[in-house]
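Reader: I am new to reading models like this one, and I would like to take a careful look at a single part of it rather than at everything at once. Could you take me slowly through one chain?

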Amino acid sequence: MTTLALNNVTKRYGKDTILDAVSLSIEDGETLAIFGPSGAGKTVLLRLIAGMTEPEAGEILMNGEDLIEVAPEHRSVGMAFQNFALFPHMSAFENIAAPLEAKPAKGDGIAVGVRKIAELLKIDHVLNHAPRALSNGQKQRTALARALVGAPKILLLDDPLRNVDAKLRFEMRLELPRLLEGFGSTVLYVTQDYREAMALGDRIAVLMDGRFAQVGTPEEIYLAPATIAVAELFGDPVINLFDAEVMAEDGHVTARVGRARLALPAGFKAAAGRPVVLGIRPESVVRSRAGSAGAINATVAALLPLNDRMVRLLITEDGQEFYTSRDFGEGSDAGEGATLTIGAAPEDIMLFDKESGHRIAPDAAAGRPIE
Amino acid sequence: MQHMSTGERVLRGILIALALIFFLFPIFWIVLMSFQTNAQILRIPPSLFFSPTLENYTSLITGQLKTASGVLTLNFMQNLFNSFILSTASVALSLVLAVPAAYAFARYKFRFSEDIAFTLLSFKFAPPLLVLLPLTIYFQKIGLANTYFGLIWVYQLITLPLILWIVRGYFEDISPDIEHAYRIAGHSWAKTFFKISIPLARPGIAAAALLSFIFAWNNFVFALVLASADKQPVTVGALAFVTASGIQYGQIAAAAVISITPTLALALFAQRYLVEGLSLGAVKG
Amino acid sequence: MSALEHASISAKTASPSRRRRRQKWLPYLLSLPALLVTVWIVIPFFTAIYYSLLRYRLSLPQLKGFVWFDNYLHFLSDGRFWYTVQVSLLYTVITVVVELVLGLGIAILLQRSTRFNNLAAMLLLLPLMVAPALAALMWKLMTNPNFGILSYLVGLIGLTNFRWASDPSTALFTVILVDVWVYTPFIMVLLLAGLRSLPKQPFEAAALDGVPKTFVFFRITLPMLMPYILTASLFRMLESIQQFDIIYAMTQGGPGNTLTVFQVESYLQFFQFTNVGRSAALLMVLWAITFFLSNVFVKNWLRLRERAQGISEE
């Protein structure tokens, strides 16, 4: 069931259009990650839903009811702010208790409710502290507790891990999904970190320049990005992109990239003759036998350790740069200066229309591409 | 700054001492005078050593002034009372009016907002007599002449712009997100204003209230023009008192001491806010 | 979202909501009471303009009549008016310059934030808290020719007949002295705050390079302090040209008409000579001067305020 729906919502500040007629629907109990570069309008989206600002056009529906007429305090949303926005003159306890105090009095229900959520978030020992006496991590958990404690229908989390250190961010990334599941809230989670979006979101909405470039599951977005820009935003190191030309000759569909020819699935047949951009994720790059079809000769230009993987920057004989992050077996001949022959499985290759940037999907049945 | 020779250090010390003497001596001397009898005051050369008397204060408080020509009744306590009433009520009224306005100017960009704010500020800079002189005629006509109500109303011109501009700065320093967070937590606009915005701006409100109290207390020309003896504050009263008491200098000094004590005490009490208040927040000390 | 899907949703725009309309009125509602209580000031203001165009003496009501700009034109050839202009400007220029020099000097002396310096700064602020009218009264007691301590002290250095405010030749000096006593602390405290908020690096660099102190003062300190100096002096100028309390409390404009600065003169014209038209015209001239000064001041002050807010946010 759809809990929250945005229909053609437009928000402007002066002459700048921050959100340009965006539409979105969120299912009950779903966690939707709103991902996009800074300045894309993610926070504005949350502010509109919370009622902190109003759209110039469009409607925001909660369970079918238009929220425009509803004041923020009656919207049944909870929100954790990027800068925490704790009430500096109240203790952590009073901060967390604020949403409960707004509800019909339940006597000591407030204290019980606050304790419960505080224990869950492991801040029960600092409840008497003022916000300025809390560590960043504790502040963040207090803000989260305040957002959660009233069991809101919609939970808005505005990049809650942005201002905490790396270790804490890692822990919370593991802890948050369980926590959110326990509350059964519908969650909008804003983040600038694609890994966070993929780890936490049931679906991801990619917001770019005030519009949704793509809304889909993490798999869909990673494996079938709607545009070149989306493909570039997900993955580290970034996807390898080359200008290419699709050719179809007696049943074989290939892409010509410089001197090399890469085999493509037959479904790309209709793209033949069009200028395209070819994308290969660094982890899809494999070694192939020298001289085999679709092989590219390249030299290892640099080794860049990244977490548990080894990223290699290769330069093809055409002078194009190429990242790989596949394990080639350390101690092999793939050190700096080594010459490799590489390729990619046809089904791992993505094609984008060069002009529009949209992905060209292979048509498995008829061999006709659909944009 | 680190390298200061002994000579420079001594010179600095002397200069600071001279400044302290110049600026504190008058207060010190008036306090001394207020504990002296007329005979002691008139003695030449003046002396720092004398047996202090409380006579000046008691005659001010009881309102009975003994002079060579008999007992004069004085109403200095009434002046003191007037000063308290006028200053306190003016500040209280200004707070009620200016704090919400300050919030509006800090939070909302609305049509004419800056114009209104500057109009209110400009009252502070215009020559007071320009308004006061025609006002005496109007006040006579509408029966506000020599009333507390009328005076408190006119005093708003002193206290209100000051409070408005100082408190506005404090409201601007509060992150709007903190207010949003409280509203999202389920509280109305009004409750957010009273539970979040006001408490967070409290230091500024206190500073503005103290400072505007001092300004109201020290005002002279408003009451000089608009009030008769029974409504006059100490600033006007003490001056009238000079002619009334003839040559009772000790009592004049005592009246001056009583009149300046409240503002000096408040200033010491609130000194950390003074700088910001005095410059309307232009310099954050 | 595909282009097709996008087009299928009608471009429905939100009608201006009741809630939004209420929000729009809220700021007006909040600021209206403050405005209503103070804005009536325009009535006496316009009345004053009107009065300034009248021949209007309270003692001769039968002569009341509209004379357009006669009051103003009369000023041009009126020695008493030009004397008012002269003494007001003299008073303003001397007080502001003396207070600026003294205030700056003391601020520099107390620049380092030590406990002693802060205590001294706090004590030096006290005269500013004394009502100017009462300050005049205090100085009147101290300069009394019979028993005044200051009269006694100048007598010791041979000035036995120094009569302070009661002598036309020294009256201006005396009231300026009181003004300096009251208002130097204002300049001092503002410049001290300014000095202490200056960045440290240029001074440290200069000290390391062994740059002479006078050079540091004139080439680094003073230019950086300029916005504060400008704001403080403009503010003081605005007040000084309107000075009434000190002069009226000290001499009521006398002896004779020695100290008939703008506001004192118009007060006397109104209450003593009951010449309402002339009094109002004088105040309009003063208003024009302060209007100009306050515009310059506000511009300056806003810039400083913005800067101060920038600093406090860091």
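I would like to begin with chain A: how far apart do the C-alpha centres of domain 1 and domain 2 of chain A lie? Please then go through the strands, the buried places and the contact with chain B.

Author: Some ground rules come first. This is a predicted model, in which local features need pLDDT of at least 70 and side-chain atom pairs count only at pLDDT 80 or more, while totals for chains, interfaces and linings use all residues. Residues are numbered from 1 along each chain as its sequence is written, and chains are lettered from A and ligands numbered from 1 in the order in which they are written.

To your question: the C-alpha centres of domain 1 and domain 2 of chain A lie 39 Å apart. The bounds, which come from an automatic or database domain assignment, place domain 1 of chain A at residues 2-225 and domain 2 of chain A at residues 235-360.

Let us turn to the strands. Helices (H or I, at least four residues) and strands (E, at least two) are DSSP runs, numbered from the N terminus, and two strands pair if DSSP finds at least two bridges between them. Strand β1 (residues 2-13) of chain A runs antiparallel to strand β2 (residues 16-27) of chain A, and eight bridges join them. You can follow one of these pairings at K11(A), whose bridge partner in β2(A) is L19(A). Between β1(A) and β2(A), which form a hairpin, there are two residues, and G14(A) in the turn has a positive phi of about 60°. β1(A) also pairs with strand β4 (residues 57-62) of chain A, in the antiparallel sense and over five bridges; here A5(A) has L61(A) in β4(A) as its bridge partner.

Further along chain A there is an open sheet of six strands, whose order is β13-β12-β11-β14-β20-β21, with antiparallel pairing. Its edges are formed by β13 (260-264) and β21 (359-360) of chain A, each of which has a single partner strand, so one side of each is left without a neighbour in the sheet. Within this order, strand β14 (residues 275-280) of chain A pairs with strand β20 (residues 349-353) of chain A in the antiparallel sense, over five bridges, and I280(A) stands opposite I349(A) in β20(A).

Now for the buried places, beginning with N95(A), which you will find in helix α2 (residues 92-101) of chain A. A residue is buried if 20 or more other C-beta atoms lie within 10 Å of its own, exposed if 12 or fewer, and partly exposed in between, with C-beta atoms placed from the backbone. N95(A) counts as buried because 29 other C-beta atoms lie within 10 Å. Two residues are in contact if their C-beta atoms, placed from the backbone, lie within 7 Å, and, leaving aside neighbours within four places in sequence, N95(A) is in contact with L86(A), F87(A), M90(A), P131(A), T142(A) and R146(A). The C-alpha atoms of N95(A) and H129(A) are separated by 10 Å, although these two residues are 34 residues apart along the chain.

A second place to look is L188(A), which, not counting residues up to four places away in sequence, touches several residues, among them I26(A), L32(A), I34(A) and I49(A). Both I49(A) and L188(A) are named, together with V167(B), A256(B) and A135(C), as touching the most other members of the largest nonpolar core, which has 285 residues. Such a core is a set of buried Ala, Val, Leu, Ile, Met, Phe, Trp, Tyr and Cys residues joined through C-beta atoms within 7 Å.

Finally, chain A meets chain B in a contact that takes 18 residues from chain A and 15 residues from chain B. On the side of chain B that touches chain A, α8 (176-184) and α9 (189-200) of chain B each supply at least two residues, and α8(B) gives the most, with seven residues. Ala, Val, Leu, Ile, Met, Phe, Trp, Tyr, Cys and Pro count as nonpolar, Asp, Glu, Lys and Arg as charged, and the others, Gly among them, as polar; by this division, the side of chain B that touches chain A has eight nonpolar, five polar and two charged residues.
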